[in-house]
Amino acid sequence: MIAGIELGLLYAVMALGVYLTFRVLDFPDLTVDQSFTTGAATTAMIILGGGSPWLATAAGFLTGALAGLITGLLHTKAHINGLLAGILTMTALYSINLRVMDGRANLSLLREDTVFTPLAEMGVQGTWIGIALFLLGVAVVKVLLDWFLYTDAGLAMQATGDNPEMIRSFGVNTDHQKMLGLCLSNGLVGLAGSLVAQYQGFADIGMGIGLIVVGLASVILGQGLFGSRTVVMATLAVVLGSVVYRLVITVALQAGLNPSDMKLISAVLVVAALVVPQLQFFRRRRERHLASEAARLVDDLTDTPATTKAGA
């Protein structure tokens with residue numbers, strides 16, 4: 001169970017990247033399936049070559065960001081449909097990842113130093129102390145993402161996803177915002193791939209296949225369970241959704257399901273997270289909540305002039 005929580009926190013970094021394109025930019029980016037592997041493969045090769053694990057982790061982020069930039073250029077400069085641009089980059093990255101891994105489908109890191117080696121040597125990995133440290137690291141990434149989304153560039157990126165025509169009328173280059181968002185998103189995905197490879201002790205050419213479903217499951221499940229009224233709450237929901245998703249997978253495997261069933265479980269979770277909020281009970285609950293919010297706003301608007309007049 002503890003291992004499942006630790007993995008859920010590591011995959012939360014990937015889920016935050018998916019949130020950036022899926023929710024903020026409203027962009028269907030399939031690059032994720034291979035930029036995850038790109039980050040893992042780059043990190044593994046640097047570590048096996050005697051490089052610093054921290055330098056290798058940073059390289060995982062940068063190579064993931066480069067993959068996102070390629071997708072962004074194909075979409076904005078070559079005017080290729082966003083979905084197709086992601087598919088093209090994903091397809092090309094499979095061959096590139098094999099070249100990065102020197103033609104090998106699997107790279108072992110079991111006897112190499114990684115960023116998690118100090119935790120293993122102290123005996124805290126796989127304990128609640130280890131979970132707290134993992135949580136601290138993910139919290140740093142989350143806070144940095146929250147901070148960025150409240151900057152001018154971040155607000156312009158949110159507006160690009162919500163209403164690109166409107167934000168273009170204010171002189172914002174939406175193409176640049178899309179490329180920046182795709183770089184940051186896939187950079188986070190590459191970082192997650194780097195961390196997962198070091199945690200599990202290997203990088204595999206197929207470790208990112210179907211990962212977009214995992215990311216969407218974390219985003220949709222988290223926001224369905226915990227809400228997404230503000231950016232801070234939305235990113236927190238994504239992190240919690242990733243942990244919940246990984247715990248569900250862990251419980252399902254312990255219940256006797258085969259590891260090959262993981263993709264099926266992911267698809268079922270996504271369908272459930274999309275369908276359950278549409279059920280009559282939840283729809284009525286949401287309508288009551290919206291009605292109460294509207295009534296509160298009306299009360300505030302009607303009370304303000306009366307209070308001002310009384311004060312005068």
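## A buried loop residue

At 9% relative accessibility, Thr 114 is a buried residue. This is a predicted model, and in it Thr 114 sits in the loop that runs between strand S1 (106-108) and helix H5 (117-122). What does Thr 114 touch once residues up to four places away in sequence are not counted? The list is Ile 47, Pro 53 and Gln 198. Two of those names come back further down: Ile 47 of H2 and Gln 198 of H9 both take part in the contact between these two helices.

## How H2 and H9 cross

On to that helix pair. Two packed helices are described by the angle between their axes and the distance between the axes. For H2 and H9, the axes come within 7 Å and the crossing angle is roughly 50°. Angles under 35 degrees would count as roughly parallel and 65 to 115 as roughly perpendicular, so H2 and H9 are oblique to each other. Their crossing is right-handed.

Which residues of H2 and H9 make the contact? On the H2 side they are Val 32, Ser 35, Phe 36, Gly 39, Ala 40, Thr 43 and Ile 47. H9 brings Asn 186, Val 189, Gly 190, Ala 192, Gly 193, Ser 194, Val 196, Ala 197 and Gln 198.

## Phe 36 and the nonpolar core

Phe 36 is worth a closer look. Setting aside neighbours within four places in sequence, Phe 36 is in contact with Val 189, Ala 192, Gly 193 and Val 196, which are also among the H9 residues in the helix contact. The rest of its list is Tyr 11, Met 14, Met 207, Gly 208 and Leu 211.

Phe 36 also stands out in the largest nonpolar core, which has 69 residues. Along with Leu 9, Met 14, Phe 116 and Leu 149, Phe 36 touches the most other members. Helices H1 (2-24), H2 (32-48), H6 (128-149), H9 (174-200), H10 (211-226), H11 (231-254) and H12 (262-275) are the elements that each give two or more residues to this core. The most comes from H1, with 14 residues.

## Leu 188 and its partners

Still in H9, there's Leu 188, which counts as buried at 10% relative accessibility. How far apart are Leu 188 and Ala 15 in sequence and in space? They are 173 residues apart along the chain, yet 8.5 Å apart from C-alpha to C-alpha.

Leaving out neighbours within four places in sequence, Leu 188 is in contact with Val 13, Met 14, Leu 16, Gly 17, Phe 61 and Val 141. Met 14 is a familiar name by now, as it is in contact with Phe 36 too.

## Two salt bridges

How many salt bridges does a search of the whole structure find? Two. One joins the side chains of Lys 142 and Asp 146, at 2.5 Å from N to O. Both are in helix H6, and because they are four residues apart, about one helical turn separates them. With buried meaning under 20% relative accessible area, Lys 142 counts as buried at 11% and Asp 146 does too at 7%.

The other pairs the side chains of Glu 165 and Arg 168, at 3.9 Å from N to O. These two lie in helix H8 (residues 164-168), three residues apart, again about one turn of the helix. Here Glu 165 is exposed, with a relative accessible area of 52%, while Arg 168 is partly exposed at 42%.

Note on methods. Residues numbered from 1 in each chain as written. Predicted model: local features only at pLDDT ≥ 70, side-chain atom pairs only at ≥ 80, totals over all residues. Heavy atoms only, no water. Core = buried A, V, L, I, M, F, W, Y, C linked by side-chain atoms within 4.5 Å. Buried < 20%, exposed > 50% of the residue type's maximum accessible area, 1.4 Å probe, protein only. Contact = heavy atoms within 4.5 Å. Salt bridge = Lys/Arg side-chain N within 4 Å of Asp/Glu carboxyl O. Axes fitted to C-alpha atoms, helices over the stretch in contact; angles between N-to-C directions. Parallel < 35°, antiparallel > 145°, perpendicular 65-115°, else oblique. Left-handed = near helix turned anticlockwise from the far one by under 90°.
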